[in-house]
Amino acid sequence: MKRESIVGPLLLALVLGAGFGCGYALVGTASNIPAHVQTVHLEPLENRTRRSEVEQILTEAIAQELVTRRRFDLVDDREAADALLDGAVLRFDVRPLNFDAQGRTTEYQITINLQMRFFDRVEEQILWANDSYTYKESYPVEASDIDYFDQEKLAIEEAAETFARTMIIDLLEGF
């Protein structure tokens with residue numbers, strides 16, 4: 001084998017090896033969660049707003065995100081869990097953003113404010129918490145659309161999915 005044919009792959013291996021040794025890691029792979037936390041019980045979120053169903057939609061989205069990530073086993077029994085994830089929907093607002101020439105609203109924005117906590121039952125300590133998680137989502141509405149409320153619920157569901165993804169990343173990476 002020629003010396004020139006070995007130099008290229010060897011140089012590439014050295015460069016890649018140096019990058020891995022400098023503290024770099026793929027986004028979403030780091031975690032500040034102790035190794036003993038393997039099972040999590042998700043408490044249904046408390047709803048402190050006037051908007052019905054918002055806590056159910058958010059709880060379902062968080063559960064789906066936990067299952068999808070496969071970092072923890074989600075358990076129904078609180079006593080069997082290594083950790084608890086709980087929270088409350090503190091505020092839910094809907095406000096108009098844009099209007100047509102007749103003054104009818106064509107776009108709304110929802111704002112959801114939550115309080116979340118991840119508690120280690122084994123060590124009896126809070127591993128992660130955010131007392132003021134705010135998420136916003138806007139959605140268009142046709143002025144003559146009779147399905148206005150269905151669009152609001154769809155916007156809440158979309159916001160819940162994005163919120164759950166962001167919140168679980170924050171929890172896992174300790175932000």
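This report walks through the strand pairing, the nonpolar core and the largest pocket of a predicted model.

## Strand pairing around β4

Start with β4, since several pairings involve this strand. β1 lies parallel to β4, and the two are joined over three bridges. One spot to look at is L42, whose bridge partner in β4 is L85. The short strand β2, covering residues 46-47, also pairs with β4 in the parallel sense, this time over two bridges. Here N47 has V89 of β4 as its bridge partner.

On to β5: this strand runs antiparallel to β4, and 15 bridges join the two. If you want a landmark along that ladder, D93 stands opposite T111 in β5. The β4 and β5 hairpin has five residues between its strands, and in this hairpin G103 takes a positive phi near 85 degrees.

## The largest nonpolar core

Now for the inside. The largest nonpolar core has 37 residues, and the members that touch the most others are I62, L85 and F118. Elements giving two or more residues to this core are the strands β1 (39-42), β4 (83-99), β5 (105-120) and β6 (125-140), plus the helices α2 (54-69) and α3 (148-173). Which element gives the most to this core? That's α3, with ten residues.

I62 is a handy residue to click on. Leaving out residues up to four places away in sequence, I62 touches L42, L45, L85, M116, F163, A164, M167 and I168. Two names on that list, L42 and L85, are the bridge partners already met in the β1 and β4 pairing. L85 is also listed with I62 among the residues touching the most other core members.

## The largest pocket

How much space lies in the largest pocket? About 210 Å³. Its lining is made up of E53, Q56, I57, E60, A61, Q64, E65, E157, A160 and E161. Sorted by class, that gives five charged, three nonpolar and two polar residues.

As for where the lining comes from, α2 and α3 each supply at least two residues. α2 gives the most, with six residues. Both helices also turn up among the elements that contribute to the largest nonpolar core, where α3 is the top contributor. So much for the overview; to see the two helices from both angles, pull up I62, with its contacts to F163, A164, M167 and I168, and then the pocket lining, including E60, Q64, E157 and E161.

Notes: Residues are numbered from 1 along each chain as its sequence is written. This is a predicted model: local features need pLDDT of at least 70, side-chain atom pairs count only at pLDDT 80 or more; totals for chains, interfaces and linings use all residues. Side-chain values use heavy atoms; hydrogens and water are left out. A nonpolar core is a set of buried Ala, Val, Leu, Ile, Met, Phe, Trp, Tyr and Cys residues joined through side-chain atoms within 4.5 Å. Buried means under 20% relative accessible area, exposed over 50%, partly exposed in between (1.4 Å probe, protein chains only). Helices (H or I, at least four residues) and strands (E, at least two) are DSSP runs, numbered from the N terminus. Contact means heavy atoms within 4.5 Å. On a 1 Å grid over the protein atoms alone, a cavity is a set of points where a 1.4 Å probe fits but cannot get out, and a pocket is an open set with protein on both sides within 12 Å along at least five of seven lines; lining residues have an atom within 4 Å of a point. Grid points are joined across faces, edges and corners, and a volume is the space filled by probe spheres set on the points. Ala, Val, Leu, Ile, Met, Phe, Trp, Tyr, Cys and Pro count as nonpolar, Asp, Glu, Lys and Arg as charged, and the others, Gly among them, as polar. Two strands pair if DSSP finds at least two bridges between them.
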